[in-house]
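Here is my note on the structure, point by point. Please keep the sequence at hand while reading.

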Amino acid sequence: MTKSELIARLAERFPQLVAKDAEIAVKVILDAMTDALARGDRIEIRGFGSFSLNHRPPRVGRNPRSGERVEVPEKWVPHFKAGKELRERVDAADLTEVSSASNETEVPVFAVAAQGSINAL
Amino acid sequence: MTTLTKAEVSDILFENLGLNKRESKDMVEAFFIEIADTLSAGQWVKLSGFGNFQLRDKPQRPGRNPKTGEEIPITARRVVTFHPSQKLKDEVERVQKTARH
């Protein structure tokens, strides 16, 4: 399911609203979540899961090409932990094949990139 | 540090959109239900600019009861993983850098 499919499903659920409202709602929700994580706040959605930042301390890495030592600065990366209910529901549904494909006919970006590189060969 | 919950997200929707309180609450609820239902049906969720919720099938592996030391296999299972988009990672880095220095 892509963002546009999610918007379409929400619009269907709220027939009293104009279609544009679902689109703006998804944008507002995702922006609120992005802003919270950027500030370093946690996000806790009961039954769904929680988002927080994981700290990666600074380290000395190596440039794999030159072998030269490079200082890699500390990093903060978003992390998601599924809630109990979602974890159990997803695991219970293991009869179905995992599908990364969406219902839409649009081709995922990575597939286009892969095709492009095959064509280039 | 504070925590963002459904109640706060729904307040933000109410303030930014022409929805009433009831609709805002229902919309936030429906947003997470649609994502959870899709994942439960075995399908990935790709939210461009935010991140992807993917599914991974993990095979059974040996485990141990940490209290008794008894060997108990960890059964095969399907788990959800979240991969933040470059945009989300960049935004987090940008704000964290200014906030912490």
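1. D57(B) counts as partly exposed, because its relative accessibility of 48% falls between the limit for buried, under 20%, and that for exposed, over 50%. Note that the model is a predicted one. The salt-bridge partner of D57(B) is R78(B), with 2.9 Å between the closest N and O atoms. D57(B) belongs to strand β3 of chain B and R78(B) to strand β4 of chain B, so the bridge ties together parts 21 residues apart in sequence. R78(B) has a relative accessible area of 3%, so it is buried.

2. R78(B) also appears at the interface of the two chains: with L4(B) and K46(B), it loses the most area to chain A, and the three together make up 13% of what that side buries. About 5,300 Å² is buried between chain B and chain A, and carbon and sulfur atoms give 68% of that area. In terms of contacts, 57 residues of chain A meet 54 residues of chain B.

3. How many salt bridges are there between chain B and chain A? The count is two. In one, the side chains of R89(A) and D37(B) meet at 2.8 Å, N to O. R89(A) is in helix α3 (residues 84-92) of chain A, while D37(B) is in helix α2 of chain B, so this pair joins two chains. R89(A) has 33% relative accessibility and so counts as partly exposed; D37(B), at 32%, is therefore partly exposed as well. Another salt bridge brings together the side chains of R13(A) and E34(B), at 2.7 Å from N to O.

4. Polar contacts across the interface of chain B and chain A come to 17 residue pairs, with both residues at pLDDT 80 or more. Several elements of chain B give two or more residues to the side that touches chain A, among them β1 (3-4), α1 (6-16) and α3 (86-100). Which element of chain B gives the largest share of that side? The answer is α2(B), with 15 residues.

5. Over all chains the count is twelve salt bridges. One of them is within chain A: R39(A) and D41(A), with their closest N and O atoms 3.1 Å apart. R39(A) is exposed, because its relative accessibility is 51%. D41(A) has a relative accessible area of 8%, so D41(A) is buried.

6. Aromatic pairs number twelve over all chains. Why is the pair of F51(A) and F53(B) edge-to-face? The ring planes stand at 75°, with the centres 6.2 Å apart, so the pair is edge-to-face; the cut-off for that class is over 60 degrees. F51(A) is in strand β2 (residues 49-56) of chain A and F53(B) in strand β3 (residues 51-58) of chain B, so these rings join two chains. F51(A) and F53(B) are both buried.

7. F53(B) makes a further aromatic pair with F82(B), a tilted one, with 4.9 Å from centre to centre and 40° between the planes. This pair links distant parts of the chain: F82(B) is in strand β4 (residues 77-84) of chain B, 29 residues from F53(B). F82(B) is buried, as is F53(B). Both are members of a cluster linked by ring pairs, which also includes F48(A), F80(A) and F31(B).

8. One last ring deserves a mention. K21(B) lies over the face of F14(B), 4.9 Å from the ring centre.

Technical notes. Residues are numbered from 1 along each chain as its sequence is written. Chains are lettered from A and ligands numbered from 1 in the order in which they are written. This is a predicted model: local features need pLDDT of at least 70, side-chain atom pairs count only at pLDDT 80 or more; totals for chains, interfaces and linings use all residues. Side-chain values use heavy atoms; hydrogens and water are left out. Rings of Phe, Tyr and Trp (its six-membered ring) pair if their centres lie within 6.5 Å; planes under 30 degrees apart count as stacked, over 60 as edge-to-face and the rest as tilted. Helices (H or I, at least four residues) and strands (E, at least two) are DSSP runs, numbered from the N terminus. Buried means under 20% relative accessible area, exposed over 50%, partly exposed in between (1.4 Å probe, protein chains only). A charge sits over a ring if NZ of Lys or CZ of Arg is within 6 Å of the ring centre and within 35 degrees of the ring normal. Contact means heavy atoms within 4.5 Å. Buried area is the accessible area (1.4 Å probe) that two parts lose on being put together, summed over both. A salt bridge is a side-chain nitrogen of Lys or Arg within 4 Å of a carboxyl oxygen of Asp or Glu. A polar contact is a pair of N or O atoms within 3.5 Å; within protein, one must be able to donate a hydrogen and the other to accept it, and residues adjacent in sequence count only if both atoms are side-chain atoms.
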